[in-house]
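Q: Please take me through this structure by asking, for each label, what earns it. I would like every value set against its definition.

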Amino acid sequence: MESRSRRRVHIDDRAPSAGAVEPQDISGTADDVRGLKLRPSDGNVTEDQEPFMGIKVRRKASLHRDYKGDYIDVPSNQFLMKILKKQGEQSVLFADKVMKFTATGKMKRRILLITEFAIYIVDPETDTLKRRIALAAVDKICLSELSDNFFAFIIPTEYDVLMASTRKTEIVTVLVEAFKSSSDYELEVVFSNRFGYNAGGELLKEVQFEEVEGGVKTRILRKQE
């Protein structure tokens, strides 16, 4: 079985001791952004470790895709590094631009950061941290059984998040592994071609998926009480 490697950015505030080798960034060269050292960490994710086997209709491209982890070069973004340092984060498991759906149904481009302890949603146009979600607050992830890009974080104590990304498989896999490594709690991954989510306040919506010729038809409807 073919294995796939994923890299994650490590953040280290400690000063190196005499004779110590400087941490390396993901490009393989030494880097230091405002005192934060970054170094790559290799990890293998095999096909049977993913929470999709036997359930999800997978695109051929996603079956043999390398997991990179950082797709936006986090070390080069001083605002993101400032957020991570302020929150005391030690590593970034995933970073990429995604599409987020607002309560009114509009799509907004956002940066999605996943660390060992939290999910960060950042507006890349205004350099604004829109939301920080502790991993412990996430109850489950919902997605369809088809080859679409949608997924939802279900957060009972707050409001939910509906997003779309071509790297959905990696996002879900990273979160499942993060839960396993940080706690005894196993993140629930729900596959359904119809699921509801709280878009904010008392606004409940339902996402419906239907396989049609040439792809998947997706509808987002206001859920009837």
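Q: Why is Glu 158 called partly exposed?
A: Buried means under 20% relative accessible area and exposed means over 50%, with partly exposed in between (1.4 Å probe, protein chains only). Glu 158 has a relative accessible area of 34%, so the residue is partly exposed. This is a predicted model, in which local features need pLDDT of at least 70 and side-chain atom pairs count only at pLDDT 80 or more, while totals for chains, interfaces and linings use all residues. Residues are numbered from 1 along each chain as its sequence is written, and side-chain values use heavy atoms, with hydrogens and water left out.

Q: What makes Arg 131 and Glu 158 a salt bridge?
A: A salt bridge is a side-chain nitrogen of Lys or Arg within 4 Å of a carboxyl oxygen of Asp or Glu. The closest N and O atoms of Arg 131 and Glu 158 are 2.9 Å apart, so the pair meets that definition. Arg 131 lies in strand β7 (residues 128-134) and Glu 158 in the loop between β9 (150-154) and β10, so the pair ties together parts that are 27 residues apart in sequence. Strands here are DSSP runs (E, at least two residues) and helices are DSSP runs of H or I with at least four, both numbered from the N terminus. Arg 131, at 7% relative accessibility, counts as buried.

Q: How do you know that Arg 167 and Asp 96 form a salt bridge, and which parts do they tie together?
A: Between Arg 167 and Asp 96, the closest N and O atoms are 2.7 Å apart, so the criterion for a salt bridge is met. Arg 167 lies in the loop between β10 (161-164) and α3 (168-182), whereas Asp 96 belongs to strand β4 (residues 91-101), so the pair joins parts that are 71 residues apart in sequence. Arg 167 has a relative accessible area of 24% and is partly exposed, while Asp 96 has 7% and is buried.

Q: Why do Asp 123 and Arg 110 count as a salt bridge?
A: Their side chains meet at 3.6 Å, N to O, which satisfies the cut-off, so the name applies. Asp 123 sits in strand β6 (residues 118-123) and Arg 110 in strand β5 (residues 107-115), so this pair links parts 13 residues apart in sequence. Asp 123 is buried at 10% relative accessible area, and Arg 110 is buried at 11%. A search of the whole structure finds 6 salt bridges.

Q: What makes β9 and β10 paired strands?
A: Two strands pair if DSSP finds at least two bridges between them. β9 and β10 have 4 bridges in the antiparallel sense, so they qualify, and they form a hairpin with 6 residues between them. Across this pairing, Ala 152 stands opposite Leu 162 in β10.

Q: How do you know that β4 and β10 pair as well?
A: β4 and β10 share 2 bridges in the antiparallel sense, so the requirement is satisfied. Lys 100 has Met 163 in β10 as its bridge partner. From β10, Val 161 and Met 163 point one way and Leu 162 and Ala 164 the other way, and all are buried. In a regular strand the side chains alternate between the two faces of the sheet.

Q: Why do β12 and β14 stand at the edges?
A: The strand order is β12-β13-β14 in an open sheet of 3 strands, with antiparallel pairing. β12 (194-200) and β14 (215-222) each have a single partner strand, so one side of each is left without a neighbour in the sheet. β12 and strand β13 (residues 203-212) pair over 6 bridges, and the bridge partner of Asn 198 is Leu 204 in β13.

Q: Where does the predictor's confidence stay under 50?
A: pLDDT, the predictor's confidence in each residue from 0 to 100, stays under 50 over residues 51-56 and over residues 58-64. With contact meaning heavy atoms within 4.5 Å, the model has 22 contacts beyond four places in sequence for residues 51-56 and 14 for residues 58-64. The protein averages a pLDDT of 78, and 70% of the residues score at least 70.
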